[in-house]
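Student: I'm new to this one and would like a close look at a single part. Could you walk me through how two of its helices pack together?

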Amino acid sequence: MNKQPRAELSALESRLGYSFRDPGLAKVALTHLSAQSAGGQGRALSYQRLEFLGDRVLGVAIAGRLYQAFPQASEGELSMRFAKLVRRETCAEIAAQWDVGPHVALGVGEARGGGRKKAAILSDVCESLIGAVFVDGGFEAAEALVLRAWGDRIAADAARDAKTAVQEWAQSRALAAPRYEEVERSGPAHAPHFVMRLVLEGFEPELGAASSKRAAEQAAAQAFLDRRGGS
């Protein structure tokens with residue numbers, strides 16, 4: 001495997017916002033197993049171990065940020081937000097944002113097969129780089145890297161309501177979209193009272209009540225989120 005020029009690493013470090021004390025860690029984090037010879041040593045010199053570590057560091061960093069950002073959120077809501085932020089697709093998007101593809105060392109066959117653009121490899125490298133920063137600079141450096149990269153996504157997620165959270169949760173599990181049914185409407189025209197039911201295939205319906213249909217739907221969606229936290 002050819003050693004990556006320091007100039008190329010510097011360009012990546014600039015996008016990461018982190019400069020490695022030990023460039024060798026970055027080299028390992030960017031090395032796919034296909035670029036190594038078969039056997040135990042090959043695996044040790046690929047990004048697999050750093051990917052394992054980075055996955056756990058990412059989880060702690062994101063969980064901590066969500067805990068701080070959503071002080072009123074239930075466990076279920078936090079879990080749904082967490083799953084979306086750490087899933088493979090999101091990690092691949094972050095790696096593409098860092099433009100890691102040209103820096104990844106691949107075997108000839110994997111390179112010819114478009115490996116530098118494969119979501120699975122990009123996702124792995126995203127996590128391996130987080131792991132490398134953790135080893136090189138400690139948790140605070142790795143956490144800072146994660147929060148820089150994920151900050152906009154966390155902020156955007158904060159603006160989403162309970163209905164959107166339930167819909168995205170269902171989509172991530174290939175379920176049919178949730179639907180909302182009016183169960184009851186009462187009260188005078190100037191002060192109506194609505195009861196709406198959230199129906200999602202495979203789960204118990206949830207009810208929500210409020211002075212408008214939209215608010216009642218939100219209440220039903222929040223009830224769904226709360227129940228997931230208690231399950």
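Tutor: Sure, let's start with the handedness: helices α4 and α5 cross in a right-handed way. The contact involves Leu58, Gly59, Ile62, Ala63 and Leu66 on the α4 side, and Leu78, Arg81, Phe82, Leu85 and Val86 on the α5 side. Keep in mind that this is a predicted model.

Now sort those residues by class. Eight of them are nonpolar, one is polar and one is charged. Since Gly counts as polar and Arg as charged, the polar one is Gly59 and the charged one is Arg81.

There's a handy rule for reading a list like that. An α-helix has 3.6 residues a turn, so residues three or four places apart point the same way. With that in mind, look again at Leu58, Ile62 and Leu66 in α4, then at Leu78, Phe82 and Leu85 in α5.

What about the geometry? Two packed helices are described by the angle between their axes and the distance between the axes. Here α4 covers residues 48–69 and α5 covers residues 75–86. Their axes come within 10 Å and cross at roughly 140°. That angle makes α4 oblique to α5, because only angles over 145 degrees would count as roughly antiparallel.

If you keep following the chain, you'll get to helix α6, residues 88–98. Its buried residues are Thr90, Cys91, Ala92, Ile94, Ala95 and Trp98. After α6 comes Asp99, with a positive phi near 55°.

Conventions:
Residues numbered from 1 in each chain as written. Predicted model: local features only at pLDDT ≥ 70, side-chain atom pairs only at ≥ 80, totals over all residues. Heavy atoms only, no water. Buried < 20%, exposed > 50% of the residue type's maximum accessible area, 1.4 Å probe, protein only. Helix = DSSP H or I, 4+ residues; strand = E, 2+ residues; numbered from the N terminus. Axes fitted to C-alpha atoms, helices over the stretch in contact; angles between N-to-C directions. Parallel < 35°, antiparallel > 145°, perpendicular 65-115°, else oblique. Left-handed = near helix turned anticlockwise from the far one by under 90°. Contact = heavy atoms within 4.5 Å.
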